Amino acid sequence: MSAEQRHKPDVLKQYESHGIVVHWEPKLCIHVSNCVRALPHVFKPDTRPWINIEADSADEVATAIEMCPTGALSYVRTDGAPQETPASPTQVQPRPNGPLFVRGAVEMIDAEGNVTRKATRVALCRCGQSSNKPYCDLSHRAAGFRS
Ligand code: SF4
Ligand code: FES
């Protein structure tokens, strides 16, 4: 998927390095920290900027980003390496007492039929309490949602 093909209105942070451009969308991040566990020397929540993609290779950074279940992190390879391949078939995983993790070639469509987002990973609210519907924003915890 090229940068032009992506439709992501809430990209707020962009980081560029050797061979890779990384996007981080804070509104989608629910701090499950897969990225931090995968590459703690790249993703450092206690420092600013919190992402230092210079600290590892584009391949390692891309692999870690693909572990982000919400799509808050995504990337575009600029060195000719393959872009992220969407899971096929699409996978929907209900998380215990939490959101639906979806992996695949996802198009989010609003009530008017407009595509609002194209993604390979999203976390969808199933507690009904999110302030960022249809995406999870961790409100299920405060709401005490039980699945
Ligand atoms: S893996 Fe994704 S959702 Fe989790 S902390 Fe990292 S960016 Fe946020
Ligand atoms: S499931 Fe997370 S906010 Fe609803």
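## Ligand shell, two sheets and a domain contact

The residues around ligand 1 are Trp24, Cys29, Ile30, His31, Val32, Ser33, Asn34, Cys35, Cys68, Thr70, Ala72 and Leu73. Sorted by class, this shell around ligand 1 holds eight nonpolar residues and four polar ones. Charged residues are absent from the shell. The model is predicted.

One shell residue also has an unusual backbone value. Most residues other than glycine have a negative phi, and most peptide bonds are trans. His31, which is not a glycine, has a positive phi near 60 degrees. His31 sits in the loop between β2 and α1, and it is listed among the residues around ligand 1.

### Domain 1

The chain is assigned two domains: domain 1 covers 13-77 and domain 2 covers 91-143. First, the sheet with strands β1 to β3. It is open and three-stranded, ordered β1-β2-β3, and its pairing is antiparallel. β1 (13-17) and β3 (73-77) are the edge strands, each pairing on one side only. On average, neighbouring strands of this sheet are turned by 20 degrees against each other, direction ignored.

Strand β2 (residues 20-24) runs antiparallel to β3, and five bridges join the two. One register point is given by Ile20, whose bridge partner in β3 is Arg77. Helix α2 (residues 58-65) packs on the sheet and touches β2 and β3. The direction of α2 makes about 145 degrees with that of β3.

Two of the strands also meet the ligand shell. Trp24 is one of the residues around ligand 1, and residue 24 ends the 20-24 range of β2. Leu73 is in the shell too, and residue 73 opens the 73-77 range of β3.

### Domain 2

The second sheet is again described strand by strand. Its three strands form an open sheet in the order β4-β5-β6, paired antiparallel. β4 and β6 stand at the edges with a single partner strand each, so one side of each has no neighbour in the sheet. From one strand to the next, the twist averages 30 degrees.

β4 pairs with strand β5 (residues 100-109) over four antiparallel bridges. Here Val92 stands opposite Val102 in β5. Five residues lie between the strands in the β4 and β5 hairpin, where Asn97 takes a positive phi near 55 degrees.

β5 is joined to strand β6 (residues 115-124) by eight bridges, and these strands also run antiparallel. Ile109 faces Val115 in β6. The hairpin of β5 and β6 has five residues between the strands, and Gly113 has a positive phi near 90 degrees there.

### Cis peptide bonds

Two bonds that precede proline are cis. Their values and places are listed below.

| Peptide bond | Omega | Place of the proline |
|---|---|---|
| Arg48 to Pro49 | near -10 degrees | loop between α1 (34-38) and α2 |
| Ser88 to Pro89 | about 0 degrees | loop between β3 and β4 (91-94) |

The ranges also place these bonds along the chain. Pro49 falls in the loop between α1 and α2, within the bounds 13-77 of domain 1. Pro89 belongs to the loop between β3 and β4, outside both 13-77 and 91-143.

### Where the domains meet

How far apart are the centres of domain 1 and domain 2? Taken over C-alpha atoms, the separation is 20 Å. Domain 1 puts 13 residues into the contact, and domain 2 puts in 11 residues.

The size of an interface is often given as the accessible area lost when the parts come together. Between domain 1 and domain 2, the buried area is about 1,000 Å², with 50% of it from carbon and sulfur atoms. On the domain 1 side, Leu28, Ile30 and Pro69 supply 50% of the area buried against domain 2, more than any other three residues. Ile30 thus has two roles in this account: it contributes to the domain contact, and it is one of the residues around ligand 1.

Definitions and conventions
Residues are numbered from 1 along each chain as its sequence is written. Chains are lettered from A and ligands numbered from 1 in the order in which they are written. This is a predicted model: local features need pLDDT of at least 70, side-chain atom pairs count only at pLDDT 80 or more; totals for chains, interfaces and linings use all residues. Side-chain values use heavy atoms; hydrogens and water are left out. A residue is near a molecule or strand if one of its heavy atoms lies within 4 Å of it. Ala, Val, Leu, Ile, Met, Phe, Trp, Tyr, Cys and Pro count as nonpolar, Asp, Glu, Lys and Arg as charged, and the others, Gly among them, as polar. Two strands pair if DSSP finds at least two bridges between them. Axes are lines fitted to C-alpha atoms, for helices over the stretch in contact, and angles run from 0 to 180 degrees between N-to-C directions. Contact means heavy atoms within 4.5 Å. Domain bounds come from an automatic or database domain assignment. Buried area is the accessible area (1.4 Å probe) that two parts lose on being put together, summed over both.
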